[in-house]
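Welcome! Here is a short, friendly tour of the structure below, arranged by topic so that you can follow along in the viewer.

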Amino acid sequence: DKVYVATKNKGKLKEISEILKPIEVISVYEVVENPVDIVEDGSTFEENARKKGEELSRFVEGYVIADDSGLVVEVLNGKPGIYSARYAGENATDMENNLKLLKELEGTPFENRDAKFVCVIALCKDGKTIETFYGECKGKIGFELKGENGFGYDPLFVLDNGRTMAELSSDEKNRISHRREALAKLKKFLDNVSKN
Ligand code: ITT
């Protein structure tokens, strides 16, 4: 069994491979020379996940999954949300995005720093979406970056136990993450497909 993943993000690719094991996970970008440049102009995680998956599923045979994800901060009215990857600008690094977030939250006390990670996985084939799957993970935004693991906003994302997502091992993150929740639903769906 194998699935293609429509992502350029190495952190996502690694986690998706670990979580979906023993299914083999291959990046579409590894097998397609010049895939289309996808414009993520949807207004929701779901629209963007569908868009990525549908467009890239025209280039390979079999299932393609796309992950659209991000950080939703309550006191910022849901920002950075679907703009998480480019919060500090078009080609912003994770560090620049984290620093921008700290700046936006300056003066906001810990009790008002509620946030969640959201992940929508679209399962696609031949240019069409078969189903989408949602996952989320709740936490708070800390005051300083802590931890070396994971990617994106993990060093600022404080869990109930006081540790940041970046302080968890990849196994620990993969047990509780938004991505895990969405992919667990996908796995169940695929199990049922193969039984019928
Ligand atoms: P692809 O579209 O190629 O998959 P991308 O990084 O542009 O890669 P998104 O548009 O879905 O993907 O943006 C996701 C951003 O949300 C990502 O760059 C991180 O900043 C953040 N993010 C998503 N999942 C995360 C996680 O598990 N931990 C930390 N940050 C995460």
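Let us begin in a loop: P22 sits between helix 1 (10-20) and strand 2 (24-27). The peptide bond that joins K21 to P22 is cis, with omega at about 5 degrees. Please keep in mind that this is a predicted model.

**Unusual backbone spots**

- As background, most peptide bonds are trans, and most residues other than glycine have a negative phi.
- Another cis peptide bond runs from K79 to P80, where omega is near -5 degrees.
- To find P80, look in the loop between strand 3 and helix 4 (94-104).
- The loop between strand 3 and helix 4 also holds N77, which is not a glycine yet has a positive phi of about 55 degrees.
- Is N77 buried or exposed? N77 counts as exposed, because 8 other C-beta atoms lie within 10 Å, and the cut-off for exposed is 12 or fewer.
- D126 is not a glycine either, and its phi is positive too, at about 50 degrees.
- You will see D126 in the loop that links strand 4 (114-125) and strand 5 (128-141).
- With 13 other C-beta atoms within 10 Å, D126 is partly exposed.

**Around the ligand**

- Which residues come nearest to the ligand? Of the 22 residues around it, these are T7, N9, S84, A85 and G152.
- Strand 3 (residues 64-73) gives the most to this shell, contributing 5 residues.
- By character, the shell is made up of 9 polar, 8 charged and 5 nonpolar residues.

**The overall fold**

- The protein chain contains 6 helices and 6 strands.
- Reading from the N terminus, the order of the elements is β-α-β-α-α-β-α-β-β-β-α-α.
- The radius of gyration of the protein chain is 17 Å, close to the 16 Å from the globule rule for 196 residues, so the chain is as compact as a globular protein of that length.
- Along the principal axes, the C-alpha atoms of the chain fill a box of roughly 50 × 30 × 25 Å.

**Packing and contacts**

- How much of the protein chain counts as buried? The share is 38% of its 196 residues.
- Among contacts in the protein chain between residues at least 6 apart in sequence, 56% join residues that are at least 24 apart.

Conventions: Residues numbered from 1 in each chain as written. Predicted model: local features only at pLDDT ≥ 70, side-chain atom pairs only at ≥ 80, totals over all residues. Near = placed C-beta within 6 Å. Helix = DSSP H or I, 4+ residues; strand = E, 2+ residues; numbered from the N terminus. Nonpolar A, V, L, I, M, F, W, Y, C, P; charged D, E, K, R; others polar. Rg over C-alpha atoms; globule rule 2.2 N^0.38 Å. Buried ≥ 20, exposed ≤ 12 C-beta atoms within 10 Å, placed from the backbone. Contact = placed C-beta atoms within 7 Å.
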